[in-house]
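Hello,

Here is the structure I promised to pass on to you. Please have a look at it first, and then read on for what turned up in it.

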Amino acid sequence: MAALSYTAQYLSEIWKRRYFWLALVKLDLDARYRRSFLGIAWALLQPLAYTAVMCLVFSQIFEMDLREYAPYVFTGVAIWGFISNSVLEGCHSILVGEKYIRSYPAPLAMYSLRTAISVALHFLILLAFTILLSWLIRGFENLAALSILVPVLMVLFLFSWALTTIFGIINVHFPDTHHLAGILLQLIYYLTPVFYPKEMFAKRGALVTILAYNPLGYLVELVREPVLYGRIPPLADFLVAINTAVVLAGLAIFLLVTNERKIIFSL
């Protein structure tokens, strides 16, 4: 009961300060695109350019029709960007709030929440474009399945907040975390079906095993299935994604509890 009471009070403190951390989100967006001619449109143009290059290089190798392959790659790029930005921007989520942490007593989770919201907004822009692209190519056959995106997005946001919190706190104590995370993400990228269909490795035992145990692949498929193919993702994919998000959230909460009062001395 004491833990539930503390959690409720903690969440209440975050909600009371919602105008503050929402203002920080706006500040982040303004700072990122200040003096940029295209502004937030870069959030869409960069993945589009990357998708174009990937299609040019790999569509012939995988022998996939460009009309099928382009949305496939763009969806993977959008989700991978969401994951990698949660990690890389999450590394700085606590550090960028240093001046506020020193002068304004507030729940530490508020600062990783600020970053997670900013990352999620960029992802929603890409997701909306992916849906439009799917409608242009396949028609409106996915309308019935799109409702499943509501719980999918909730799982993804919990996953993102957990990553930003974990890497934000770790990076305070170990400043090289950002660089190590970049290398690790580069390795994991090639073990996640972002730009290649995982079915192509069906007869290669070791790779099939790696893909089967990579939870990020399940996150990718949770979005691809309803958006591109109009199908409800398998329950097994949901369970893997939910379990991954819950485990990471548990670790994030543990780090918050153990660092809430003393992290200021490490800043």
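How many helices and how many strands are there in the protein chain? There are 11 helices and 0 strands. Please keep in mind that this is a predicted model.

**The chain as a whole**

Reading from the N terminus on, the elements run α-α-α-α-α-α-α-α-α-α-α. The radius of gyration is 19 Å, and the globule rule gives 18 Å for 267 residues; the two are close, so the chain is as compact as a globular protein of that length. If you want a feel for its extent, the C-alpha trace spans about 55 × 45 × 40 Å along its principal axes.

What share of the residues is buried? Of the 267 residues in the protein chain, 46% count as buried. The chain exposes about 14300 Å², and 70% of that is supplied by carbon and sulfur atoms. As for how the chain meets itself, take the contacts between residues at least 6 apart in sequence: 78% of them join residues at least 24 apart.

**The largest pocket**

Now to the empty space. Rolling a probe the size of a water molecule over the atoms shows where such space is left. The largest pocket has a volume of about 530 Å³. It is lined by 21 residues, and the closest to its centre are Pro-105, Ala-106, Pro-107, Glu-260 and Arg-261.

Which helices supply at least two residues each to this lining? They are α1 (2-16), α5 (98-103) and α11 (235-259). Helix α1 gives the most to the lining of the largest pocket, with 4 residues. By character, the lining of this pocket divides into 13 nonpolar, 2 polar and 6 charged residues.

**The cavity**

A search of the whole structure also finds 1 cavity of 30 Å³ or more. About 50 Å³ of space lies in this largest cavity. Its lining is made up of Arg-67, Glu-68, Pro-71, Leu-133, Ser-134, Ile-137, Arg-138 and Leu-228. Two elements give two or more residues to that lining, namely α4 (66-88) and α6 (109-138). Helix α6 gives the most to the lining of the largest cavity, with 4 residues. The residues around the cavity divide into 4 nonpolar, 1 polar and 3 charged.

**Some residues to look up**

Here are a few places to find on your screen.

Phe-82 has its place in helix α4. Is Phe-82 buried or exposed? Its relative accessibility is 3%, so Phe-82 counts as buried; the cut-off for buried is under 20%. Leaving aside neighbours within four places in sequence, Phe-82 is in contact with Val-119, Ala-120, Phe-123, Leu-156, Phe-157 and Ser-160. Phe-82 and Ala-116 are 34 residues apart in sequence, and their C-alpha atoms are 9.4 Å apart in space.

Thr-51 sits in helix α3 (residues 42-58). With a relative accessibility of 5%, Thr-51 counts as buried too. Which residues is Thr-51 in contact with, leaving aside its neighbours within four places in sequence? They are Ala-70, Val-73, Phe-74 and Val-77.

Asp-176 lies in the loop between α7 (149-173) and α8 (177-189). Its relative accessibility of 52% is the reason Asp-176 counts as exposed, since exposed means over 50%. Along the chain, Asp-176 and Cys-91 are 85 residues apart, and their C-alpha atoms are separated by 9.7 Å.

Finally, Ile-170 has its place in helix α7. The relative accessible area of Ile-170 is 30%, so this residue is partly exposed. From Ile-170 to Pro-233 there are 63 residues in sequence and 33 Å in space, C-alpha to C-alpha.

Do write back with any questions once you have had a look around.

Best wishes

Note on methods. Residues numbered from 1 in each chain as written. Predicted model: local features only at pLDDT ≥ 70, side-chain atom pairs only at ≥ 80, totals over all residues. Heavy atoms only, no water. 1 Å grid on protein atoms, 1.4 Å probe; cavity = no way out; pocket = protein on both sides within 12 Å on 5 of 7 lines; lining within 4 Å. Points joined across faces, edges and corners; volume = space filled by probe spheres on them. Nonpolar A, V, L, I, M, F, W, Y, C, P; charged D, E, K, R; others polar. Rg over C-alpha atoms; globule rule 2.2 N^0.38 Å. Buried < 20%, exposed > 50% of the residue type's maximum accessible area, 1.4 Å probe, protein only. Contact = heavy atoms within 4.5 Å. Areas by Shrake-Rupley, 256 points an atom, 1.4 Å probe, with all protein chains shown as cover.
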